[in-house]
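Me: I've got a model open and want to go through it with you. Can you take some quick questions?

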Amino acid sequence: MAFELPPLPYADTALEPHYSANTFSFHHAKHHNAYVTNLNNLITGTDLADKSLEDIIMASAKDDSKAGIFNNAAQVWNHTFFWSSMAPNGGGRPSGALAARIDEDFGSFDAFAEKFKASAVGRFGSGWTFLVLDGGKLKIVNTLNAGTPMTDGQTALLTVDVWEHAYYLDYQNRRPDYVQTFLDKLANWDFASANFAAA
Ligand code: MN3
C-alpha cells in the first residue's frame with residue numbers, strides 16, 4: 001500500500017502573510033511530496049512495504065543500511081506533523097494542563113519561548129526543533145536532518161522545521177524572525193495540547 005502525500009490541514013493561503021502559499025507550493029507540493037515518492041520507491045517489494053509509517057521509522061532508525069528509508073520516512077512524518085503544528089490565528093500561549101506543565105518544567109511560558117527560540121536558531125545546519133514529552137517531563141530537543149523524537153522514546157507535541165527550505169522564500173536568511181513568527185502567529189497550541197493529553 002503506497003503512501004500518499006497528505007493534504008494540508010488548511011488552505012495554502014491560510015497562514016499568510018506569515019507563511020506563504022508560495023512556500024507551501026515548494027515545501028508541501030515539492031519537498032514533502034518527494035519524500036513520499038522516494039519512500040514508496042525504496043520500500044516497494046521489501047518487507048517494509050506493508051508496514052505503518054511509524055513502524056518503518058522504528059525499523060530503519062539507527063540502521064546504516066536503511067538510512068535512505070529512514071530519512072524519507074521520518075521526513076514524511078515530520079512534515080505532516082509540522083503542518084498540524086501551525087494554524088491560522090495560531091501563536092500566543094497554550095492553556096489548561098499543558099500551560100500548567102510548561103510553567104512547572106520551564107519556570108514560565110516566557111522562559112520556555114526563549115529556550116525554544118534559542119534552540120531553533122542555534123540548530124546548526126538542517127533539522128527540527130521539537131517540544132516533546134520525555135519520561136513525563138517536557139523538553140525541547142533539536143534533531144539533525146530527518147531526526148524524529150519517537151526513535152528516542154519521546155512523544156512529539158509541537159515542531160518547527162528549521163531546514164532552510166522551510167523559510168527561505170519568506171524570510172531568506174532570517175531564521176530568528178521565522179522562529180519568532182512561528183511562536184507569535186503560527187504555533188498550534190490546540191494540537192500540542194491534544195498530543196499532551198493523549199501521551
Ligand atoms: Mn521541510
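Me: Start with α4. Which residues are exposed there?
Reply: Gly96, Ala97 and Glu104 are exposed (over 50% relative accessible area, 1.4 Å probe, protein chains only; buried is under 20%, partly exposed in between). They sit on the other side of α4 from its buried residues. Helices (H or I, at least four residues) and strands (E, at least two) are DSSP runs, numbered from the N terminus.

Me: Before we go on, what are the ground rules?
Reply: This is a predicted model: local features need pLDDT of at least 70, side-chain atom pairs count only at pLDDT 80 or more, and totals for chains, interfaces and linings use all residues. Residues are numbered from 1 along each chain as its sequence is written, and side-chain values use heavy atoms, with hydrogens and water left out.

Me: OK. Which residues of α4 are buried?
Reply: Leu98, Ala99, Ile102, Asp105 and Phe106, in a helix that runs over residues 96-106. They fall within an arc of 140° seen down the axis, so they line one face of α4. The arc is taken from the directions from the helix axis to the C-beta atoms.

Me: What do they pack against?
Reply: Two helices, α5 (109-122) and α8 (189-198), and the strands β1 (127-134), β2 (137-144) and β3 (155-161). Contact means heavy atoms within 4.5 Å.

Me: And what comes just after α4?
Reply: Gly107, with a positive phi of about 100°.

Me: You mentioned α8. Which of its residues are buried?
Reply: Trp189, Phe191, Ala192, Asn195 and Phe196. Their arc around the axis is only 155°, which puts them on the same side of α8. Asp190, Ala197 and Ala198 are exposed on the other side. The buried residues of α8 pack against α3, α4, α5, β1, β2 and β3.

Me: New topic: the metal. What coordinates the manganese ion?
Reply: His27 (NE2), His79 (NE2), Asp161 (OD) and His165 (NE2), at 1.9 to 2.1 Å. Donors are N, O and S atoms within 2.8 Å of the metal (3.2 Å for Na, K and Ca). Water is not among the atoms, so the site may look incomplete.

Me: What spacing do the donors follow along the chain?
Reply: H-x51-H-x81-D-x3-H.

Me: Are Asp161 and His165 buried or exposed?
Reply: Asp161 is buried, and so is His165.

Me: Last one. At what angle do α2 and α3 pack?
Reply: About 140°, with the axes of α2 (residues 53-60) and α3 (residues 67-84) 9 Å apart. Axes are lines fitted to C-alpha atoms, for helices over the stretch in contact, and angles run from 0 to 180 degrees between N-to-C directions.
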